[in-house]
Structure formats: C-alpha cells, structure tokens
Amino acid sequence: MLRCLIVLAAVPGVLDAQDVNRDAVDSAHTAYLDVYEVYEDTKATWGEVTTRWESLIADLEQADRRDDEAARNRLRPLIQGMVGERGDARREFRKAEADWYDAGRTLIRRIGAYQLYLSNRLLEADEESQDSLLDEYDEMDALRDEVENQMGPQEPLTLPEMPDLEAMPENTPAELRRKAGRLEDHVAVLDRLLDDLDSEIGRLEIDLQRENTMRRWERDPGGRRNLPTGVGGAGAGGTGADTTEVDLDEPTLAQKIEELKQLKEEVTDNRDRFQERAEELRRRLGGTP
Amino acid sequence: MRRAGVFLALAFLVFCGGPRTLEAQLGIGGSLTGRTALELYRGDFSAVTHPIVDSAESVIAVASEWEFLLGRAFAHSSRRFEVTVDGTLQQFATAGFLQRNYAPRTQSFSLQTLYTERLEAGTLTLDAQVGTRGISDLTPMPLYLPPGYLAYSLDAGFSRRVSENTGVDAHVRFQDRDYAGPSVLQTLDYLDLRSFEVHAGGDRVSYGTPGTDDYSTLRVFAAYLHQRYPLQGHRRDHKVQVGSRWYLDRWETWGLRVTLDASGILNRSNSSRVEYNAARIAATARQRLGERYLLLLTGIWSGKSYLGPQEFLVPGEEADNAAIFEGELSRVLGAGISVSAGGSWTRAETNISGDYYQRVRFYVGLDKILGF
C-alpha cells in the first residue's frame, strides 16, 4: 500500500490509491470495451441516418433539376420528418463518443500509473520476478497502444464533404465548369431547403406563442378567478387534476424549434462552404461563366 | 417581504442548480406578460378579508400587472425533472371609496418542482409546490383582493395505460395554507387550512379523422378530501367530489380545443353549519382564427346549497353562488411577442341575505416568450 501511495504521488492527474493495481486496469478495460461497443452502435446508426438523409437531399436536388413539383412535395416532408430522428442519432452518437473518450482516458491513466508502479517494483525485484514484471509491463504497453490507436483523432460531425467536386490538377476547364455548376445547383437546393426551414420555424414559433397564451389562460396566476371570501373552497375552484399520462418521448415545441434551428445552422454552414468552393472554381476558370 | 426574499433565494438555488444526475436537455424558457386593466366593482358583499367597512357600492380601479413564468427541464432516458417559477406583480389605483382611496400592491410567487419517471408498470409523478402572496394597503369591499398567504403542497401520483385508449391514475395530495393577516385582522387566520386528498380517475381517448392528430378525452374522477381549519376549533370537513372532464382537440383540422368540466361536492363536517352540497360547471374554448389570431373563452358557474340555515358566510368558504365569464383575443406579432385584449364579468352571491359582489374587467397586454 505504501508503494502504491508513493507511486500515486508521481502520477499526474487524480487517481486514488485503489486505482493503482492490475484489477483497476482490468475493470477500466472492461468498462472501456462496453462503452466502445455502444459507441460503435451509435456511430453505425448515425452513419445509416446520414446516408438516408444524403440520399433524400440528392433526390430533392434531382427533383429540382427536373422541375418535378410532385417529387419535391413528396420529399420535403420526408426531409423535415427526418429532423428529429437525425437529431436523436447525433445526440446519442455525441454522448457515446464523449463516454468512450472519457473511458479511454481513464484506462490510459490507470495503465500509466500501473506501469510506474511496475517499474518501481522492477528496481527491487530479483531476476526471476523481473521477467514476469517485464512481461506485464509490455502487456500494458500493448494495451495502451491498442486503445490510443482506437481513439485516434475525433471524427467531426458535419455534413459530408464532396470530394468528387474538389478541383484536381488534371481537371480540364470544362470539368471545372461542370463541377462549379453542380456546386451551384447544390447551393440552390440548400437555399430552398433553408426557405422551407425558415417557414417551418416561423410556423412553430407562432404555435409556441399560442401555446404560451393558452397556458397563461389556464394558470390564472393573478388569481383573477378568486372569489370572496376564501380560497380552495367548493366554489369556483375545486379539484381537477390533469393526470393524462406524460409522453416523455414527445418533443416539445421549443425542442422542435431548437432542432430546426440547429439544422438550419448546419445547412447554412454547408451552403456557404459549397458557395465558396464554387466561387473558387469560377476564379480558377478566370471568371468564365 | 422578508418571506418573499427567502422564497426567491430558494427558487434561485433550485432553479439554477438542478439535479446533478440528470442531463440538462433544455435551456431556460418562459414568458413575460405586461398588462393594463380597468376594473369596475359593485356590491354590498361583506368579506372576512378586511376589518373596515366602506359603504361605497361601486368603485373603480386601474391596475398595472406584470407576470413572469420561467421553466427549466432536465431529462434522462425515462426520467424528467422540471422546475417552474412564476410571479405576479400588481399595482392598483382606486377611486370611489367613501373613506379614502387605496393603492394596493400585490406580489405572488410560486415554485413548482415536478419529477416524472416512466416505469414498466406506468408513470410516477412527484410534485412539490410552494407559493406565497403578499399584499399591502388591502382594500375593503367591494374591491375584493385575495389575502396574503404562504402555502405548500405535495402530490404523488401514479398513472398507467390499461389499454391503448384507456388510462387510470391515482394521487395523494397534502396541502397547507397559512394566511397572513395584519394583527388587527386576526380573523384571517380562520382561513388557515390543512387538507389531505385521495384522488382516483380514469380517462378514455377517442381518435378523430385518421391521418390527423385530432382526438378527444373523457375523464371521470372521484376524490375524498379531509380538511382541517386549525383555528376554527375542532372543525373537520369531509368532502367527497365526483366529476368528469371532456376535452376535445380539433386543433389540426378546425383550430379548436374545448374543455368541459362538471363536478359535484358533498361537504360533511362535525360542524353542522358548514354542511352543504355544491356543483360546478366550467367550459373553456380556444379557437385559432386565421394565421395569427387566437380567441379564448371561459365560463364558470358554481352553486352551493347548505343543509341547515346560515346566518353568515363561513370563513374559509367562497361565496355561495358564482358565475364568471372571460374572453380574450390575442394576435401573434412576431419576434416572440403577442398582443392581447380581453374582458371578464364575475358575479358572486350569497343565499344568506342576497348580498352580491360583481366585477367587470377590461385589459390590454403584451406577452413575450423568453428563452435563454
């Protein structure tokens, strides 16, 4: 125990004495593996939702090109209907990512502390013991490498890049023009989507204001319905509990508006990025339309 | 005011702290309302709330009113925790009293915490509330203003769906209300109340046109209340209440929501003078008009019949028979602001001597949605 405490003093970060042993490393590893599994699941879900989302956006783009009003009317509600699902998937993925990162950092800290403890023991151990201690030290090294490789750089959660629309050195002016045109088409689609989002947010905000007025009407905060002489009697007051079962999964209007605003920000960022890239391509073409 | 200060400090701590085990999902949201009202009071009703009798039969008041509501919710998987704080400030200027004109000011605050957890068997709710009201320069009748008090209540409920369309629920509720009267008005303490309630009900949902969110709910409930008025001697009231609520939601197709409440009360007591039967009917309609308008209408009627002869209005009981009609038209202006204009008519009478109290009120106001 004393050795553990000495080691602890040398270990950066906050670790309790009971965290500096093999069991602590094993339990952190088990927790890490559990969290990693959840992370992989939510990442797959996010990927699948993103693929569907992109496919809908691409369909909308095609419908715009064909000027197919029926397809546009069919696709816009589908895109708006995916907002909630996409928000949930993104939230869960971000949470799982943060949990995974925390679990990984904890495991690496415990491995480091345990390796320091092992190296202290190595100084005093006989030759026979030294072999087993070195084996364990190497095992910890391997585990640390594995976890650090898995963690790697964090993937940003953004709408996908469009690598096929990058300007490549071998591109001819005609190809660059085609790419710039496609980017501008995409910007136009996103502009229409932003218009739809604005009108949907506006509609929900009006609904929210109406809900607010109706809630105020129910609450009677100024006590305007109180009657002489008392309060809580059997007159105009009385019992009437609203016990309708609460639907915890149903997002509130404020939540829906927040989701749409987040989506709008995301779409706006991407729109601006595509616009910049299109302008860059046009500049390379020397302003040729 | 000291009590209000303590209350606000408590509200601040609860509101800004929140539970550490639940992930915050939402910011702080709410609303602020400012309103100007013109009120006309008439009547010869005598109330327990003021020692002075002014023989004016009608008075007029102009009121400036501010209301705020702030709420914050925390949610984690099947659990949800909500904190709500609301407050109201009213400043009146009066005219028409024979002795002197009054300038009453009222402030009321309430703090509500609501915990909801969805369990396998149903949904559990725990609701704790504390509220306070203070008033200065209290007016005599006919300008009735509710007296100051400190009240708290605790409610535990459980509800579950027994089929796709049917749910049942049960609640137990405890409430304590302590009226704060000036030393010259100790009779206000007669209104102090402790109440314990057991409440059970069921509801059935019927869905409207397929493909829409239209639905209606019929709810029936029964409750037993045991009420004590500590400063009215040994008085113990036993109330049985049965009632129903019909709620129609045609918001999506007609822009209409309607609520109808009907209930009856049998009040029995070890003090025979407060034994009565009472009935109450209330209706509220909310109608969306066009893109931005909203019409709100409410009507309430209540009647009471004592079993024995009454010589005076019993402290703690409201006026015997009352009717309230209210209406408001509001318009969404944009940027989270709505403007509203409305009016109400209230009349209360007592069977004892035919005394009455009447209030007519007109107002205009602005509502602002708050979000942080």
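Helices α2 and α5 of chain A are roughly perpendicular to each other, because their axes cross at roughly 100°, and an angle of 65 to 115 degrees counts as roughly perpendicular. In this predicted model, the axes of the two helices come within 10 Å. On the side of α2(A) the contact is made by A:L60, A:E61, A:D64 and A:R65, while α5(A) brings A:D185, A:H186, A:A188 and A:V189. Sorted by character, the residues of this contact divide into three nonpolar, one polar and four charged.

Helix α5 of chain A also allows a check on its length: at 1.5 Å a residue, its 47 residues should span 69 Å, and the end C-alpha atoms are 67 Å apart, which agrees. Just after this helix, A:D220 takes a positive phi of about 50°.

The table lists the residue ranges of three helices of chain A.

| Helix | Residues |
|---|---|
| α2(A) | residues 22-66 |
| α3(A) | residues 69-124 |
| α5(A) | residues 173-219 |

The largest nonpolar core has 19 residues, of which A:Y32, A:L107 and A:Y114 touch the most other members. Both α2 and α3 of chain A supply at least two residues of this core, and α3(A) gives the most, with ten residues. Leaving aside residues up to four places away in sequence, A:Y114 touches A:V20, A:N21, A:R22, A:V25 and A:M140. Apart from this core lies another, of 18 residues, which includes B:A56, B:F92, B:Y144 and B:L145.

Conventions
Residues are numbered from 1 along each chain as its sequence is written. Chains are lettered from A and ligands numbered from 1 in the order in which they are written. This is a predicted model: local features need pLDDT of at least 70, side-chain atom pairs count only at pLDDT 80 or more; totals for chains, interfaces and linings use all residues. Helices (H or I, at least four residues) and strands (E, at least two) are DSSP runs, numbered from the N terminus. The expected span of a helix is 1.5 Å times one less than its number of residues. Axes are lines fitted to C-alpha atoms, for helices over the stretch in contact, and angles run from 0 to 180 degrees between N-to-C directions. Angles under 35 degrees count as roughly parallel, over 145 as roughly antiparallel, 65 to 115 as roughly perpendicular and the rest as oblique. Two residues are in contact if their C-beta atoms, placed from the backbone, lie within 7 Å. Ala, Val, Leu, Ile, Met, Phe, Trp, Tyr, Cys and Pro count as nonpolar, Asp, Glu, Lys and Arg as charged, and the others, Gly among them, as polar. A nonpolar core is a set of buried Ala, Val, Leu, Ile, Met, Phe, Trp, Tyr and Cys residues joined through C-beta atoms within 7 Å. A residue is buried if 20 or more other C-beta atoms lie within 10 Å of its own, exposed if 12 or fewer, and partly exposed in between; C-beta atoms are placed from the backbone.
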